Amino acid sequence: MPETWDYTLYIPNDLRAVTVCRRTLRMVLTLHGLIRLVDTAELLATELISNAVRHTKGPAALRVRRTAQGVVWIGAWDTDPGPPEPPQPLDQISELAESGRGLALIRACADYWGWQPSGRFGDRGKYVWCELEAA
C-alpha cells in the first residue's frame, strides 16, 4: 500500500504566491520520491493556483495529497463558490489568446480533473482539482 500524506499551503491573493506554491510542491514530491511527476504536477498546480488568485479577491490554498490508491491529488481552493468556465480543447484555443489555456492544459495533462464547492476553510468557496497516477 502506498504511503499517504496531505499538505495544505494557505496563500494570500498575490500572484507571487504562485511561485511559492510551485516550489513547495516540487519539494514535497521530491522528498516523497515522486520526482518523475514534478514537471507535470508543477504545470498543473501553477494553472490551478494562478486561476484561483487571478479570478477571486480572497485568499487561496494549494492542497496536495497522496491517496491510499497511489494517486497524487492537487487542488486549489479559492473563495468563489461558482464553477470554473468549462475548458475548450487545446487545439481550439488561439495561440494569441491571453487566457483560456489553464483548464485546457489541466484537462490534457491530468488523469482526472473536476471541481466541487467547499466550505472547508471557514469561507464558502470551491476546490478545482486534478489527479495524477503515481503508482
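Modeller: Let's start with a definition: two strands pair if DSSP finds at least two bridges between them. Keep that in mind as we walk through this predicted model.

Biologist: Happy to! What makes strands β1 and β2 a pair?

Modeller: β1 and strand β2 (residues 60-66) are joined by 7 bridges in the antiparallel sense. Pairing asks for at least two bridges, so β1 and β2 count as a pair. Ile-11, for example, has Ala-60 in β2 as its bridge partner, and Asp-6 stands opposite Arg-65 in β2.

Biologist: How do you know that β2 and β3 pair too?

Modeller: The reasoning is the same kind: 7 bridges in the antiparallel sense meet the cut-off of at least two, so β2 and β3 are paired. Arg-63 has Gly-75 in β3 as its bridge partner. These two strands form a hairpin with 4 residues between them, and Gly-70 in the turn has a positive phi of about 85°.

Biologist: In what order do the strands lie in the sheet?

Modeller: The order is β1-β2-β3-β5-β4, in an open sheet of 5 strands with antiparallel pairing.

Biologist: Why are β1 and β4 said to stand at the edges?

Modeller: β1 (5-11) and β4 (112-118) each have a single partner strand, so one side of each is left without a neighbour in the sheet. From one strand to the next, the twist averages 15°.

Biologist: What makes you say that helices α1 and α2 pack on the sheet?

Modeller: Here contact means heavy atoms within 4.5 Å. Helix α1 (residues 16-31) touches β1, β2 and β3 (71-78), with its direction at about 165° to that of β1. Helix α2 (residues 38-54) touches β1, β2, β3 and β5 (125-133), and its direction makes about 15° with that of β3.

Biologist: Why is Val-72 called buried?

Modeller: Buried means under 20% relative accessible area, and Val-72 has 0% relative accessibility, so Val-72 counts as buried. This residue is found in strand β3. Its contacts beyond four places away in sequence include Leu-29, Leu-37, Val-64, Cys-130 and Ala-134. Val-72 and Ala-134 are 62 residues apart along the chain, yet their C-alpha atoms are separated by 6.1 Å.

Biologist: What makes β2 a mostly covered strand?

Modeller: A count of residues: 6 of the 7 in β2 are buried. For the chain of 135 residues, the buried share is 44%.

Biologist: Which residues of helix α3 are buried, and what covers them?

Modeller: In α3 (residues 102-109), the buried ones are Gly-102, Leu-103, Ala-104, Leu-105 and Ile-106. Their cover includes α2, β4 and β5.

Biologist: And how do you know where empty space is left inside a structure?

Modeller: Rolling a probe the size of a water molecule over the atoms shows it. In this structure, the search finds 1 cavity of 30 Å³ or more, and about 40 Å³ of space lies in the largest cavity.

Biologist: Which residues line the largest cavity?

Modeller: Tyr-7, Thr-8, Leu-9, Thr-24, Leu-25, Leu-62 and Val-64. The elements that give two or more residues to this lining are β1, α1 and β2, and the largest share, 3 residues, comes from β1.

Biologist: How many residues of that lining are nonpolar, polar or charged?

Modeller: There are 5 nonpolar, 2 polar and no charged residues. Leu and Val count as nonpolar, so Leu-9, Leu-25, Leu-62 and Val-64 are among the nonpolar ones.

Terms used
Residues numbered from 1 in each chain as written. Predicted model: local features only at pLDDT ≥ 70, side-chain atom pairs only at ≥ 80, totals over all residues. Heavy atoms only, no water. Axes fitted to C-alpha atoms, helices over the stretch in contact; angles between N-to-C directions. 1 Å grid on protein atoms, 1.4 Å probe; cavity = no way out; pocket = protein on both sides within 12 Å on 5 of 7 lines; lining within 4 Å. Points joined across faces, edges and corners; volume = space filled by probe spheres on them. Buried < 20%, exposed > 50% of the residue type's maximum accessible area, 1.4 Å probe, protein only.
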